[in-house]
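These are my notebook entries on a single chain. I set down what I looked up, together with the criteria applied.

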Amino acid sequence: IHDIASRYAVLAAQAKERGEYDLAQRYVDKGLDVVADQPDLLAVQQNLGAQRALQPGPSQLPTSAPNQ
């Protein structure tokens with residue numbers, strides 16, 4: 001069971017590196033369902049939270065000036 005959770009951690013980390021944050025979060029969630037306190041999954045989860053906090057939301061995206 002711990003091997004399964006570790007594999008989810010690897011998959012989540014790989015997805016995060018590709019910028020697929022939603023997929024990474026799904027892997028983390030599935031892995032934590034298997035082993036709730038798996039350290040690698042908890043680390044990826046924390047990292048994902050920090051990564052999402054740094055990404056600009058729709059209201060924070062730069063706007064271009066209208067063409068005149």
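Entry 1: criteria. I call a residue buried under 20% relative accessible area, exposed over 50% and partly exposed in between, with a 1.4 Å probe and protein chains only. I note that the model is predicted, that local features need pLDDT of at least 70, that side-chain atom pairs count only at pLDDT 80 or more, and that totals for chains, interfaces and linings use all residues. Residues are numbered from 1 along each chain as its sequence is written, and side-chain values use heavy atoms, with hydrogens and water left out.

Entry 2: Gln 38. I first asked whether Gln 38 is buried or exposed. Gln 38 is buried, because its relative accessibility is 6%. I located Gln 38 in the loop between α2 (21–34) and α3 (39–54); helices are DSSP runs of H or I with at least four residues, strands are runs of E with at least two, and both are numbered from the N terminus.

I then looked up the polar contacts of this residue, meaning pairs of N or O atoms within 3.5 Å; within protein, one atom must be able to donate a hydrogen and the other to accept it, and residues adjacent in sequence count only if both atoms are side-chain atoms. The side chain of Gln 38 makes such a contact with the side chain of Ser 6, at 3.1 Å. A polar atom of the Gln 38 side chain also lies 2.8 Å from the backbone nitrogen of Leu 41. With neighbours within four places in sequence left aside, I found Gln 38 in contact (heavy atoms within 4.5 Å) with Ala 5, Ser 6, Ala 9 and Leu 32.

Entry 3: the chain as a whole. I recorded 3 helices and 0 strands, in the order α-α-α along the sequence. Of the 68 residues in the chain, 26% are buried. Among contacts with a separation of 6 or more, 52% come from residues 24 or more positions apart. The accessible surface, computed by the Shrake-Rupley method with a 1.4 Å probe, is about 5,000 Å², and carbon and sulfur atoms hold 51% of that area.

Entry 4: salt bridges. I required a side-chain nitrogen of Lys or Arg within 4 Å of a carboxyl oxygen of Asp or Glu. How many salt bridges does this rule give? The count is 2. One joins Lys 16 to Glu 17, with the closest N and O atoms 3.0 Å apart. Lys 16 is buried at a relative accessible area of 14%, whereas Glu 17 is exposed at 62%. Another joins Arg 18 to Glu 20, where the closest N and O atoms are 2.4 Å apart. Here Arg 18 is exposed at 51% and Glu 20 is partly exposed at 33%.

Entry 5: aromatic rings. I paired rings of Phe, Tyr and Trp (its six-membered ring) if their centres lie within 6.5 Å; planes under 30 degrees apart count as stacked, over 60 as edge-to-face and the rest as tilted. The count is 1 aromatic pair. The ring centres of Tyr 8 and Tyr 27 are 6.3 Å apart and the planes stand at 40°, so I entered the pair as tilted. This pair links distant parts of the chain, with Tyr 8 in helix α1 and Tyr 27 in helix α2, 19 residues apart. Tyr 8 is partly exposed, at 22% relative accessibility.

Entry 6: nonpolar surface. I built patches from residues with over 30% relative accessible area and no salt bridge, joining like charges within 9 Å and nonpolar side chains (Val, Leu, Ile, Met, Phe, Trp, Tyr) within 5 Å. Ile 1, Ile 4 and Val 34 form a nonpolar surface patch, and their accessible area together is about 280 Å². Ile 1 belongs to the segment before α1 (2–17) and is exposed at 67% relative accessibility.

Entry 7: two further residues. Leu 42 is in helix α3 and is partly exposed, with a relative accessible area of 35%. Outside its neighbours within four places in sequence, Leu 42 is in contact with Leu 32, Ala 36 and Asp 37. For Leu 42 and Leu 32, 10 residues apart along the chain, I noted a C-alpha separation of 8.1 Å. Arg 26 is in helix α2 and is partly exposed at 47%. The C-alpha atoms of Arg 26 and Ala 12, 14 residues apart along the chain, are separated by 7.8 Å.
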